[in-house]
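Student: Before we look at any single feature, could you take me through how empty space and packing are read from a set of coordinates?

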Amino acid sequence: MNVDFLNLQKINARDADEMLSVCKEVIDSGCYIGGEQVDEFERKFADFCGAKYCITTANGLDALNLVLRAWKLQGRLRNGDEVIVPANTYIASVLAVTENNLVPKLIEPDGNTFNITAEGIKSAITDNTKAILPVHLYGQIAPMPEIMRIADEHGLLVLEDSAQAHGAQLMGKRAGNWGHAAGFSFYPGKNLGALGDAGAVVTNNKELATAIKALCNYGSHKKYENLYQGVNSRLDPMQAAMLSIKLRRLDSDTEYRRRIADMYIKYINNPLVITPLETETSAHVWHLFVIKTIYRDQLQAWLASNGIKTLIHYPVPPHKQQAYAELNHLHYPVTERLHKEVLSLPISPVLTDEEVMYVIQKINEFKV
Ligand SMILES: *Cc1c(COP(=O)(O)O)cnc(C)c1O
């Protein structure tokens, strides 16, 4: 049997008829930037998160970038301020920090949840720390109540990197609604994915929403009047229309992912493999189902030889990348070990029970 890691064609085929008819609507409308499709998706996605404002951007990295940039324009951040970021995140979280001339202060995650901890944050705070950028890695919300308490105590800004956590909940509250702002990505492989690049900022802060709305449109709040030296980072109506269609399935797709994760957790019983931990008050959305084993490369090869595709998120941490030569000397033992041990199993709303049971069977048969 062959098991795909993530079959996007199959995922999008479910809505293909409706997508085609909406494409025609957009073509016939003559409106190809902004307009009703974009406004409608922004309203729906803000509602979905339970937040007041959603401002769409060209991609997830820009969403994170523009929040930090807006805070700089508002005088809430300055060049050289430190931002606490998990060391085991995808590099985009760190790029948003450095692109704004801010200093990333990388901290270790908890080896079981893969997310940063309150203790880790507390010990990294200095007089220069001005913000925290928690990442809800793999689809599980970071310990936000504790993070917000620390932020309040120290007067820090909090930007949630929610690129992997659409609809994830902690104590019933969704990603994007915990911090002062959040960045989402709708990259095609994300739990809510466009048919190209797309992203959004979500916030409950009106001034921030207004500033970002202008920033992503050349810094303009009013046609031909510019408040800021902005950028061009807009979502187009074609993608917004695709996202509105796909948003309707997101909650049921998440339930489907949660059921697969339950099956994996229940039936994987190979002592060489550790399945991921979902904390008690959390509703994980399983963007990725990440197991750990010290025999990672052997297990990946074994699964591949049985037709099962797996991926590694991520093989090299940001501080070991050539792009961050100035960070290469740093040591993060937990992070570095995780990068050697993690393996992402297939999970998606179109994976069949038969495929899941086959993956489980092959993992349980694995030996060294
Ligand atoms: C995907 C991702 C991003 C960036 O999103 P893009 O839309 O690809 O720019 C940022 N942070 C994390 C954690 C991601 O997984």
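**Surface, packing and empty space**

Tutor: The protein chain exposes about 16,000 Å², of which carbon and sulfur atoms supply 51%; such accessible areas come from the Shrake-Rupley method with a 1.4 Å probe, and for residues only the protein chains shown count as cover. This is a predicted model, in which local features need pLDDT of at least 70 and side-chain atom pairs count only at pLDDT 80 or more, while totals for chains, interfaces and linings use all residues. Residues are numbered from 1 along each chain as its sequence is written, and side-chain values use heavy atoms, with hydrogens and water left out.

Student: How many helices and strands does the protein chain have?

Tutor: The protein chain has twelve helices and 14 strands, where helices (H or I, at least four residues) and strands (E, at least two) are DSSP runs numbered from the N terminus. Its radius of gyration is 21 Å, close to the 21 Å that the globule rule gives for 368 residues, so the chain is as compact as a globular protein of that length; the radius is taken over C-alpha atoms, and the rule is 2.2 Å times the number of residues to the power 0.38. Of the 368 residues, 56% count as buried, meaning under 20% relative accessible area with a 1.4 Å probe and protein chains only.

Student: What share of the contacts with a separation of 6 or more joins residues 24 or more positions apart?

Tutor: Taking a contact as heavy atoms within 4.5 Å, residues 24 or more positions apart account for 70% of those contacts in the protein chain.

Student: How is empty space found, and what is the volume of the largest pocket?

Tutor: Rolling a probe the size of a water molecule over the atoms shows where empty space is left. On a 1 Å grid over the protein atoms alone, a cavity is a set of points where a 1.4 Å probe fits but cannot get out, whereas a pocket is an open set with protein on both sides within 12 Å along at least five of seven lines, and lining residues have an atom within 4 Å of a point. Grid points are joined across faces, edges and corners, and a volume is the space filled by probe spheres set on the points. The largest pocket holds about 630 Å³, and among its 32 lining residues Tyr90, Ser185, Tyr187, Lys190 and Tyr314 lie nearest the centre. Helix H4 (60–73) and helix H5 (91–99) are the elements that give two or more residues to this lining, with H5 giving the most, four residues.

Student: Which residues of H5 are buried, and what do they pack against?

Tutor: In H5, Ile91, Ala92, Ser93, Val94, Ala96 and Val97 are buried, and the buried residues of H5 pack against H4, strand S2 (82–86), strand S3 (103–107) and strand S5 (157–161). After H5 comes Asn101, whose phi is positive, near 55 degrees.

Student: How many cavities of 30 Å³ or more are there, and which residues are closest to the centre of the largest?

Tutor: The structure holds one cavity of 30 Å³ or more, and the largest cavity has a volume of about 100 Å³. Of its 15 lining residues, Ile11, Lys190, Asn191, Lys246 and Asp253 are the closest to the centre. Helix H1 (8–13) and helix H9 (237–267) each supply at least two residues of that lining, and H9 gives the most, with five.

How values were computed
Buried < 20%, exposed > 50% of the residue type's maximum accessible area, 1.4 Å probe, protein only.
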